[in-house]
Each structure stands twice: as C-alpha cells, then as structure tokens.
Amino acid sequence: MMKRRMVWLFVVTVAVGGCEQLSPEMQLIHDAANALGGVEAVEAVATLRVEGSGNNFRLGQNRTPDAALPRAAVESYTVEADLRNHRMRWEIASANFAGRVNAAVTAMDGDVAFNVGQDGARRAAATVARERHTEYYHHPLTLLQVALTAGEEGAAATVGNLRQESGQDVVDIITPDGSELTLHVDSESRQVVRIASPGYHSNLGDVETATTFRDYAAAGGLMLPGAITRTIDRQPVTFLRVTHTIDADLGDLAAPADVATAPEPGPPAANVTDEELADGVWLLAGQSHHSVLVELAEQAVLVEAPQHDTRTLAAIARARELVPDKPLSHVVNTHHHFDHSGGVRAAVAEGLTVVTHETNRALFEELTSRTHTLVADHLAQQPAELMLETVAGDDTLELGEGRGTMQIFRMGDNPHADGALVVYLPAERMLIQADMFIPGIGGEFADTAAALLQSIEDRNLRVERVVPIHGAVMALSDLEEAVEEAGN
Ligand SMILES: [Zn+2]
C-alpha cells in the first residue's frame, strides 16, 4: 500500500514539474522553436528587422503563358516588425516593367493597414489589412511566437491537424486575429522550411501563398533563414537573400493618428471617359488601361477587358450606353498579360465572346474555370461558359462586313508577348495596339515599336493613327520617328 502511493506521487510530480506533457502538435512547435534557439528566446523577441535584396518574377507577364516569368531586381527589401504591438512595415525598392526602380512603403498596425507615399500616409482597404495580417505571420519567429500561445487563456492561437508531408511535419495554425497558416517543419533539422496560407489573386482567384526558408545562420543569438522564396501556387514570385537583426530599436511603427481614425476606403472606382475617334470608334480612357469600342454593322466589339472587374464592367457599361441598339458581341484581348486580361472573366460573365490568339487558349480556359471563393468576382456570382474565338498562327480574323470591318491578327516577332494581337480598322486607317508602342518608356519597348512598324509594313496597312491601350493616340509618323530615334 505504502509503496504504491509513493509511485503514484512520483508520477504526479513528473507530470506537473516537467512541461513534457505537450500534445504532439505543440511538441512540434516547441521543437521548431528550439531549432531557432529555444522557446524562451523565441518568446523574448520584441522586434525583428529583415533586410535583403533579390528578384521578383513577374507573374502573368511572361512572353507566352508557359514561358519563364520575367525577372525584375528587388534592389532593397526591409521588413520591420514590432512583435509586442503587432505592427509591421515593409520598405521595398524594386524595378518595374520598364526597369525603373520604385520604392514602396506599406505598413500594418493591428487592424489598420496603410501606405506611405510622397503625400503622406493613407489608410488602405480592409481587405488589404486582412492580407497584411496574414503576411505578418509568414516568418518563423512571428508564427512560432504566436503558436506558442496555444492553450493559454484568452486570445490564443490554435494548433492542430498534425501530419506528415514529403519529409516534413506539418500543422495548421489559426492565429488570434483569424489568420490561417500551415507550418512545415523539416523532420530532421526541425527547422521551419515553409509557411503557407490561403490567398486571393484577382486573376487566379483562390491561391496558395507560401514562403519557403533555407540557409539558416546565426543571427542575434538565434538561428534564422538566409534565403526566402515566395511562391503563389508553387510558382516562385520573389527570391531574397536576407539578414536579420533582433531587438533593434525600430522607432514607432504605429499608424499615424489621422490614419488610424480615417475610414477604411472602399474599392477603387473606375473612371471611364469616352472620346469618339472616328464615326463609330470610341476610345474609353480615363485611367492607365483603355479599351476601344468599335461599332460594326450588326454588333459592337470591345477591344480589351483590362485590369479587373471594376474597370472592365465600367467599360462594358459605357460601351452599351454608346451603342444601345446593337449587341456588344465580342471582346478582343490584345495579349495574355494579367493587366490586359484581368477583365476577361467579367466579360465572359457579361456574355461576350472572347477573341485571343490560339497561344492563349489553355490559359483562358484555366482562368475562367478557377474558383474565386475568398472573393466572389463577377463571374463567380454570375457563372457563364467561356465562348472563345482564337486567331490561328498569322491568320487574320475579320469581324463585321463591308466598309466597317475590323481585322485582327498577330503582331510579328517581338520581345513582349508572342501571340499579341493588333486590330486594324481599314476604313478608319487605325491600328489598335497594346504595349507595342509606349513613347518614352525605353527598355524592350524600343524593340516592340520597331516590331509594330515592321508588322504594318509587312501587311501593307495604310495606318494613319495608332490607338493605344496605354497613353495617347499617336500618328503613324510618331511611331516612325520613335523607331528611327531608337536606331532600329
Ligand atoms: Zn503586356
């Protein structure tokens, strides 16, 4: 009897005295924290600065839908996190499509997301704040620190669904602010190798956003990753070499008072202007991406469904106002780049037949069949079948008949996009083009301008005006001069 009681007491002592009674899920969190330098060391981190440089890989801007993504330098990348107050600030200088470096400062302070520009800080939309909440946890330190709170009283994370996937131990984590993340820990080293979360991309719909970590090295008494790769649906979109500073004085990352109290802005509005360029031809401009409306004998046709639902639906509405007595039958997509095809789903929902080069068929079939559940876009709300008419090879597709026709064909060889279509209006002597002639941009656009002029000459087109999806209407002589100046 006596002996038995002593054994019982001994067992109780072990259970209470050692914190060894962790669930398998929390054991994994503790193992991963120990691989970074210890549970207490992870819990003690108050601020984090990550600095580096690398490359972006521009999703949806490749030469064909299957080609490698074009690379653009990330000249500098600094992320600062205040882990005590749930604040983060990103300062990233990266090259744009024309090779010019733009710096952007974005931030999050609790539920307030804001962007800092030359004219001060401005509050960003609630959807942006939610994205940045999740983004905050795409780092081993921030995620493990919150995961270690699981099981505590009050606002705590939950950790569950332990499983094995290709040599990694994986758990799902829900943070107190509702972000859902999946943590992958290497089965041998116990280092965090991957953090993933569900995300939304306006072209691709529901995606998996993931960050992978490697080349761990000592930093500030911890072991932290030296290389970070961001993927969207497993496609790398950013690669960075980074260094870490722990508990540096970051100053105050709080949102300015006027920003924190400003109302959350709603979704951006579309500003669609219309200018009649010729009888029955309108330029629908007003912002960065235009469309062109062409009235034919029996129908009207829109050239380009750009950017996103908001822009394209406004352009479609304006087109129907301008030509109320004929059906808006087709939308011509100039090329597959995401900023030029971002409204194709909306156009499909509106019953328009999509014209594109055959190069893009598989992509457009995929884009119109993907799920958009995190954000239900127009096609998700109003499902419709994709009606596609493709231009084969160097063939000419003609819409309309008689004097008012439009001829649609592929641009000649150019560095921007294979299968880029241009639209020729023989009666109006106009050529509608996107991204082939953008005066003053430089870079590859000198070569696209030369290719455009070559296509006009090869096909013996009697072009007088070049009507752009970006910028102002130009005369053919402007194109000729630009090509001559560039020395092509
Ligand atoms: Zn483009």
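Leaving aside neighbours within four places in sequence, Leu-302 is in contact with Ser-291, Leu-293, Ala-315, Ile-316, Ala-319, Leu-328 and Val-331. The model we are looking at is a predicted one, and Leu-302 is a good place to start walking through it: together with Val-423, Leu-302 is among the residues with the most contacts inside the largest nonpolar core, a set of 66 residues. Helix H12, residues 445-458, gives the most to this core, with 7 residues. A second, separate core has 51 residues, including Tyr-77, Ala-81, Phe-114 and Val-192.

**The seven-stranded sheet and H7**

Let us stay with the surroundings of Leu-302 for a moment. Here 7 strands form an open sheet with mixed pairing, in the order S16-S17-S18-S19-S20-S21-S22. At its edges stand S16 (273-278) and S22 (388-391); each has a single partner strand, so one side of each is left without a neighbour in the sheet. From one strand to the next, the twist averages 25 degrees. Within the sheet, S20 (residues 328-332) and S21 (residues 353-357) run parallel and are joined by 3 bridges, and His-330 stands opposite Thr-353 in S21. Helix H7 packs on this sheet, where it touches S16, S17 (281-285), S18 (291-295), S19 (300-303) and S20. The direction of H7 makes about 150 degrees with that of S19.

Which residues of H7 are buried? They are Asp-309, Arg-311, Thr-312, Ala-314, Ala-315, Ile-316, Arg-318 and Ala-319. Ala-315, Ile-316 and Ala-319 also appear among the contacts of Leu-302.

**The six-stranded sheet and H12**

Another open sheet has 6 strands, again with mixed pairing, and its order is S23-S24-S25-S26-S27-S28. The edge strands are S23 (397-399) and S28 (474-475), each with a single partner strand, so one side of each is left without a neighbour in the sheet. S26 and S27 (residues 465-468) run parallel, joined by 4 bridges, and Gln-433 stands opposite Pro-468 in S27.

H12 meets this region through its buried residues, which pack against strand S25 (421-425), strand S26 (430-433) and helix H13 (476-485). Those buried residues are Phe-445, Thr-448, Ala-449, Ala-450, Ala-451, Leu-452, Leu-453, Ser-455 and Ile-456. Just after H12, Asn-460 takes a positive phi of about 55 degrees.

**Checking the two helices**

How do the end-to-end distances of H7 and H12 fit a rise of 1.5 Å a residue? The table sets the two side by side.

| Helix | Number of residues | Expected span | Distance between end C-alpha atoms |
|---|---|---|---|
| H7 (309-322) | 14 residues | 20 Å | 20 Å |
| H12 (445-458) | 14 residues | 20 Å | 19 Å |

The distance agrees with the expected span for H7, and it agrees for H12 as well.

**A look at Asp-172**

Our last stop is Asp-172, whose place is in strand S8, residues 168-174. Is Asp-172 buried or partly exposed? It has 16 C-beta neighbours inside 10 Å, and a residue needs 20 or more to be buried and 12 or fewer to be exposed, so Asp-172 counts as partly exposed. Not counting residues up to four places away in sequence, Asp-172 touches Gly-160, Asn-161, Glu-180 and Thr-182. Asn-85 lies 87 residues from Asp-172 along the chain, and their C-alpha atoms are separated by 24 Å.

How values were computed. Residues are numbered from 1 along each chain as its sequence is written. This is a predicted model: local features need pLDDT of at least 70, side-chain atom pairs count only at pLDDT 80 or more; totals for chains, interfaces and linings use all residues. A nonpolar core is a set of buried Ala, Val, Leu, Ile, Met, Phe, Trp, Tyr and Cys residues joined through C-beta atoms within 7 Å. Helices (H or I, at least four residues) and strands (E, at least two) are DSSP runs, numbered from the N terminus. Two residues are in contact if their C-beta atoms, placed from the backbone, lie within 7 Å. The expected span of a helix is 1.5 Å times one less than its number of residues. Two strands pair if DSSP finds at least two bridges between them. Axes are lines fitted to C-alpha atoms, for helices over the stretch in contact, and angles run from 0 to 180 degrees between N-to-C directions.
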